[in-house]
Amino acid sequence: MIPTLLLTATVLVVTILLAIPLGAYMHRVYSGDVFWASRVLGPVERVTYRLIGTSPEREMDWKRYALAILLFNLAGGIFLYVLLLLQGHLPFNPMHFSGVAPGSAFNTAASFITNTNWQDYSGGSTMSYLSQMLGLTVQNFLSAATGIVILLPIIRALVRHSTKDLGNFWVDMTRTVLYVLIPLSVIFSLILMQQGVVQTLGGAIHADLVAPFTSGGKTILQQVIHIGPVASQESIMMLGNNGGGFFNMNDAHPFENPTGLTNFLETLAMILVPVGLVFLFGQMTKARKTAWAILVSMLILFIPLTLVSQHFELAGNPIFHQLGVTQANQGALAGGGNMEGVEDRIGAGASALFATLATATSTGAANCAYDSFIPLSGGINLFMMQLGEVVFGGVGSGLASFLAFMIFAVFLGGLMVGRTPEFLGKKIGSFEIKMTSLSILVMPLLVLIGTAIAATTVAGRAGVFNPGPHGFSEMLYAVTSPANNNGSAFGGLSSDTRFYNLLTGMCVLFGRYWVYLPLLALAGALVEKKKTPAGSGTLATHTPIFIGLTVGVILLVGALNFFPALALGPIAEQLAPVSHVMTH
């Protein structure tokens, strides 16, 4: 357990140390400062503005900003959908893959434009190189940038007053992609390639088998090994909290995650930009103490749940203990514990950390089989998503959701002390609370209604391969993940059916836009309000009391909405071996 604790602490500490200068850098980017990066990339930025016919001086109110997001994402979704349908007739297809089926193409397009990257296909044996590069990788950049530009108007609304201007969507998108995501991805891609992650446009490799075998009356002499432009997709997949892997095994595949260093860096990459945005918030609002309070609140939620998950994974399967099977450490790399579905070179403890970060953010990547986790560990991954994408969360969108919970906590605090609630000098009225509540409650409604539909229909139950509580957990996970723009999955569910393609596709779209449109409306209301100087009765947003109030609100909302469903799934499954021992 001690090596796992050291790994967890190192990931968090190194991330924070890197995120502080990253936040300062992003502040200069979005402020339009003239500095070394703008002198290098400024010409490209200005040419881009001329091509799309805009400039930083042309700002938008929240409605125009929201409309620009919707239209831009719609155009990207249509382009990706058509590309996938026609990939069999397009170049850069050395494996000669046919076009993607319409249902899967719709699901994939909806998934990748919303930063979800839910995959009902095997990437390495379904998508051409053109689809991977021009379709999926491009959307990895654009969907991650969209998440960040959803956050920026909310921050500006807390800084500005007596105006309707919240920035320019096209300028924010250009600066995010050009100055933030591309440079980070280039650096990360080079490191991954140096470590052995594949990056090529060559076709598959045919390797002679040491031990040929017979299948269907035919002797198999060679193995077909899929390769491709992996490193370029892997870097933005992790940094942008996308999570859609080039291969079906995702980050358990040695071509995506070959060494201990790549596993460490990919684990760190999932939270680097989300934590950097917390420090960006502190700099833009000049509320650095509040930014640290946000980070501390996230860590309070993340660390205990992660340690519990790691404990159960390292303890191993309790049924094996009853049978006298040892699951102790058999080597320095494995670390012992529950090794079902776990790569020996990664180990159970590091896999549990990776999983909690992938579900605490909207990444959804996997370096092990989530379906093979001890039930309570799988339940923690579920609960991380069901908290509402606020524990680090997706790039931009996670902090936006966290600010919604903070505003709700301010409202509750104001009720308790009998004062009009204020957040960073902005009075919170009935409209703001309505928009905040709507953004918080949309996701639980999608998850609970979607799971009920899956559990009560023949088509929904037909995709479940496991009976009992685990089968219910698979259905619950299959709806929770796309509704939270996460994309991870319990592999025991057959999701490539018309029913699940439509259900998850709808959850992906509603879970993105029905949550964040109210937040943009909230920003539109706040930016018009005057700033009120803090008084003696103002509820400070950086004190331990307020941190506890915010964490309590997040846990209370998550527990009230989802504890009954979790009790029917992972909790019941975890307790089943215990009850079996007690009765026998």
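Which helix does Ser473 lie in? Ser473 lies in helix H16. The legends below start with the whole chain and then turn to single residues.

This is a predicted model, in which local features need pLDDT of at least 70, side-chain atom pairs count only at pLDDT 80 or more, and totals for chains, interfaces and linings use all residues. Residues are numbered from 1 along each chain as its sequence is written, and side-chain values use heavy atoms, with hydrogens and water left out.

**Figure 1. The whole chain has 18 helices and four strands.** Helices (H or I, at least four residues) and strands (E, at least two) are DSSP runs, numbered from the N terminus. The radius of gyration is 24 Å, close to the 25 Å that the globule rule gives for 584 residues, so the chain is as compact as a globular protein of that length. This radius is taken over C-alpha atoms, and the rule is 2.2 Å times the number of residues to the power 0.38. The C-alpha trace spans about 80 × 65 × 45 Å along its principal axes. Of the 584 residues, 56% count as buried. Buried means under 20% relative accessible area, exposed over 50%, and partly exposed in between (1.4 Å probe, protein chains only).

**Figure 2. Close-up of Leu399 in helix H13.** The helix covers residues 397-417. Leu399 counts as buried, because its relative accessibility is 2%. Its contacts (heavy atoms within 4.5 Å) include Leu151, Val278, Phe281 and Met298, leaving aside residues up to four places away in sequence. Leu277 also touches Leu399. These two leucines are 122 residues apart in sequence, yet their C-alpha atoms are 7.6 Å apart.

**Figure 3. Close-up of Thr480 in helix H16.** Helix H16 runs over residues 468-483. Thr480 has a relative accessible area of 0%, so Thr480 is buried. A polar atom of its side chain lies 2.7 Å from the backbone oxygen of Leu476. Beyond four places in sequence, Thr480 touches Leu382, Met385, Gln386 and Val447.

**Figure 4. Close-up of Ser473, also in helix H16.** Ser473 is buried, with a relative accessible area of 2%. Which residues does Ser473 touch, not counting residues up to four places away in sequence? They are Leu382, Phe490, Gly569, Pro570 and Glu573. Leu382 is also touched by Thr480. Phe79 is 394 residues from Ser473 in sequence, and 34 Å away in space, C-alpha to C-alpha.

Terms used. A polar contact is a pair of N or O atoms within 3.5 Å; within protein, one must be able to donate a hydrogen and the other to accept it, and residues adjacent in sequence count only if both atoms are side-chain atoms.
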